[in-house]
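Biologist: I am new to this structure and would be grateful for a close look at a single part of it. Please choose one residue, describe its setting, and then relate that setting to the rest of the chain.

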Amino acid sequence: RIVRRSTRDGTPITHPEGWLRRRAYLIGRQMLREEYGTPVVDTGTGRTKLDERGRMVRTRGTRVPLDVLDADNHAGIDHDPFSAESAELVQEALVVLAQELPLWAQVLRLHYLDGYSLDEIARRIGRSHGTVRNDAQRARTRLRAIIRERYPESPHVRHRDGRRT
């Protein structure tokens, strides 16, 4: 339809496949630009602003540490590293999560058990940092729900109102 319309309007597309590739490339570039934003320019000097690590400051795509994003997400489960029982609950819940949503379970395993950063996980599984961060946040929420559903009487589980069973 586009080729016909273009020809009718007097601007024929002579190589539709190449035109389509070029359009896909431009759309992908635009999506990337929207995700990361544009560089912030210092009005005084006219130069691009840099953060404390020497990276370009952008209008979007700011990296947010996972712990800052949802510190209250950890409120439902006690995190006693010396408790074998709480570690078992989490491992069993991870197995259930892996059956429901394997990618989410993989993100949690890579981050918490294998010690990968969210950037490393994003590169490894081929997703953006923000998507991995959101997946991890949702996965922890689902993991907590699985633990509450399966082990409501466990002393390691706190209810929403703060009381323990």
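Modeller: The residue I have chosen is histidine 111, which is found in helix α5, spanning residues 102-113. Please bear in mind throughout that this is a predicted model. Histidine 111 counts as buried because its relative accessibility is 18%, and the cut-off for that class is under 20%. Its side chain reaches the backbone oxygen of tyrosine 116 at a distance of 2.9 Å. Between the end of the helix and that tyrosine there is a further feature to note: α5 is followed by glycine 115, whose phi is positive, near 80°. Histidine 111 can also be placed relative to isoleucine 121, which is 10 residues away along the chain; the C-alpha atoms of the two are separated by 7.4 Å.

The helix that carries this histidine deserves a description of its own. α5 has 12 residues and reaches 15 Å from its first C-alpha to its last, close to the 16 Å expected at 1.5 Å a residue. Histidine 111 has buried company in α5, where Trp104, Ala105, Val107, Leu108 and Leu110 are buried as well. A general point about helices helps in reading such a list. An α-helix has 3.6 residues a turn, so residues three or four places apart point the same way.

Several of these α5 residues belong to nonpolar cores. The largest such core has 11 residues in all, and Trp104, Ala105 and Leu108 are among them. Its other members are Ala93, Leu94, Val96, Leu97, Ala139, Leu143, Ile146 and Ile147. The elements giving two or more residues to this core are α4, α5 and α7, the last of which covers residues 129-150. Apart from this core lies another, of seven residues, including Val107, Ile121, Ala122 and Ala136. Val107 is thus a buried residue of α5 that belongs to this other core. Isoleucine 121, already mentioned for its C-alpha separation of 7.4 Å from histidine 111, is also one of the residues of the seven-residue core.

From here it is useful to turn to the partner helices. In α4, which comprises residues 84-100, one finds valine 95. With a relative accessibility of 43%, valine 95 counts as partly exposed. The C-alpha atoms of valine 95 and leucine 143 are 9.9 Å apart, although the two residues are separated by 48 places along the chain. Alanine 93, a member of the largest core, touches Leu143, Ile146 and Ile147, leaving aside residues up to four places away in sequence.

Helix α7 has 22 residues and reaches 31 Å from its first C-alpha to its last, close to the 32 Å expected at 1.5 Å a residue. Its buried residues include Ala136, Ala139, Leu143, Ile146 and Ile147. Charged residues of α7 also appear among the buried ones, including Arg133, Asp135, Arg140, Arg144 and Arg148. Arginine 142, by contrast, counts as partly exposed, at 23% relative accessibility. Arginine 142 forms a salt bridge with glutamate 149, the closest N and O atoms being 3.3 Å apart. Glutamate 149 is exposed, with a relative accessible area of 53%. Salt bridges that share partners join Glu100, Arg142 and Glu149 into one network.

The count of salt bridges comes to six, and two further examples can be given. Glutamate 17 and arginine 21 meet through their side chains in a salt bridge, at 3.3 Å from N to O. These two residues are four apart in helix α2, residues 16-36, and are therefore separated by about one helical turn. Both glutamate 17 and arginine 21 are exposed. In the other example, arginine 55 forms a salt bridge with aspartate 51, and their closest N and O atoms are 3.6 Å apart. Arginine 55 counts as partly exposed at 40% relative accessibility, and aspartate 51 is likewise partly exposed, with a relative accessible area of 22%.

Finally, the whole chain provides the setting for histidine 111. The chain contains seven helices and zero strands. Of its 165 residues, 24% count as buried, and histidine 111 is one of the buried residues. Among contacts between residues at least 6 apart in sequence, 47% join residues at least 24 apart. The chain exposes about 11,700 Å², of which carbon and sulfur atoms supply 52%.

Conventions
Residues numbered from 1 in each chain as written. Predicted model: local features only at pLDDT ≥ 70, side-chain atom pairs only at ≥ 80, totals over all residues. Heavy atoms only, no water. Buried < 20%, exposed > 50% of the residue type's maximum accessible area, 1.4 Å probe, protein only. Polar contact = N/O pair within 3.5 Å; in protein donor to acceptor, adjacent residues only side chain to side chain. Salt bridge = Lys/Arg side-chain N within 4 Å of Asp/Glu carboxyl O. Contact = heavy atoms within 4.5 Å. Areas by Shrake-Rupley, 256 points an atom, 1.4 Å probe, with all protein chains shown as cover. Expected span 1.5 Å × (residues − 1). Core = buried A, V, L, I, M, F, W, Y, C linked by side-chain atoms within 4.5 Å.
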